Amino acid sequence: MRLEEALSYMENCIKPLLKHDGIFVLAIDGRCAAGKTTFAKYLAKRLSAAVIATDDFFLPQSQSENKLRDCPFDKERFMKEVLLPLKEQTSLCYHRFDCHTQSFVEARHIELHNGGIVIIEGAYVLHPSLHADWDFRLFMDIDKQLQKERIFLRNGQSNALPFFEKWIPLEEEYIKRYDIMKHCDSCFCLHEELV
């Protein structure tokens with residue numbers, strides 16, 4: 001599917017489901033380099049939505065090794081700082097975790113309004129422990145060769161290896177173990193370069 005076609009498709013899926021007295025939450029999960037972050041950015045602009053990335057909740061390396069097989073982001077902090085405010089429809093504030101520096105960086109504030117849309121994107125966002133919190137679940141798939149090309153382009157030759165040796169096998173295990181695609185409202189691949 002091409003980007004414009006995917007954006008129109010999602011807009012048509014979401015608009016009839018929007019709430020006038022609450023917040024609509026779209027969860028975007030998918031394989032590494034499938035275009036989750038870029039697609040969320042474009043869709044958010046089109047729908048005037050806020051975007052929250054699960055990357056902002058990744059665990060520090062010192063805490064993550066024993067949790068990698070299940071979910072490498074801090075679900076407890078995510079629930080407290082994102083899901084609870086979403087349920088209560090209050091404004092939310094959280095500190096972003098930077099994986100490169102292994103430290104917390106600037107705080108992010110998001111004002112929530114009735115009828116608003118929040119897009120939560122990132123690997124593991126459709127973990128079974130979080131299923132009840134989403135109004136729409138999207139899985140973004142990708143062809144293995146295109147995935148490889150995008151990872152090399154995005155991360156460079158030297159930084160690509162951990163994706164192939166560690167992150168992709170863990171994601172594949174998660175997708176298979178929880179049959180993630182079966183529990184989605186929609187699934188598609190973007191077949192063009194995303195910028």
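These notes walk through the fold, the surface, the cores and two backbone details of a predicted model.

1. **Fold.** The protein has five helices and seven strands. From the start of the sequence to its end, the order is α-β-α-β-α-α-β-β-β-β-α-β. The radius of gyration is 16 Å, close to the 16 Å that the globule rule gives for 195 residues, so the protein is as compact as a globular protein of that length.

2. **Extent and contacts.** The C-alpha trace spans about 45 × 40 × 30 Å along its principal axes. Take the contacts between residues at least 6 apart in sequence: 76% of them join residues at least 24 apart.

3. **Burial and surface.** Of the 195 residues, 49% are buried. The protein exposes about 10,100 Å². Carbon and sulfur atoms supply 52% of that area.

4. **Charge.** There are 25 positive and 30 negative side chains. The centres of the two sets lie 1 Å apart.

5. **Main core.** In soluble globular proteins, nonpolar side chains tend to be buried together. Here the largest nonpolar core has 32 residues. Those with the most contacts inside it are Ile-52, Phe-78, Val-82, Leu-86, Ile-120 and Trp-134. Two or more residues each come from β1 (24-30), β2 (50-53), α4 (75-88), β3 (92-98), β5 (117-121) and α5 (144-177). Helix α4 gives the largest share, four residues.

6. **Leu-86 and its neighbours.** What does Leu-86 touch, not counting residues up to four places away in sequence? Its partners are Ile-23, Val-25, Leu-92, Leu-112, Val-118 and Ile-120. Leu-86 and Ile-120 are both among the residues with the most contacts inside the largest core.

7. **Another core.** Apart from the largest core lies another, of 30 residues. Its members include Met-10, Phe-39, Ala-49 and Ala-160.

8. **Ala-33.** Most residues other than glycine have a negative phi. Ala-33 has a positive one, near 70 degrees. It sits in the loop between β1 and α2 (36-47). Is Ala-33 buried or exposed? Its relative accessibility is 9%, and buried means under 20%, so Ala-33 counts as buried.

9. **Gln-89.** Here, too, phi is positive in a residue other than glycine, with a value near 55 degrees. Gln-89 lies in the loop between α4 and β3. Its relative accessibility is 33%. The partly exposed class runs between the 20% and 50% cut-offs, so Gln-89 counts as partly exposed.

Notes:
Residues numbered from 1 in each chain as written. Predicted model: local features only at pLDDT ≥ 70, side-chain atom pairs only at ≥ 80, totals over all residues. Heavy atoms only, no water. Rg over C-alpha atoms; globule rule 2.2 N^0.38 Å. Buried < 20%, exposed > 50% of the residue type's maximum accessible area, 1.4 Å probe, protein only. Contact = heavy atoms within 4.5 Å. Areas by Shrake-Rupley, 256 points an atom, 1.4 Å probe, with all protein chains shown as cover. Lys, Arg positive; Asp, Glu negative; His and termini not counted. Charge placed at Lys NZ, Arg CZ, Asp CG, Glu CD. Core = buried A, V, L, I, M, F, W, Y, C linked by side-chain atoms within 4.5 Å.
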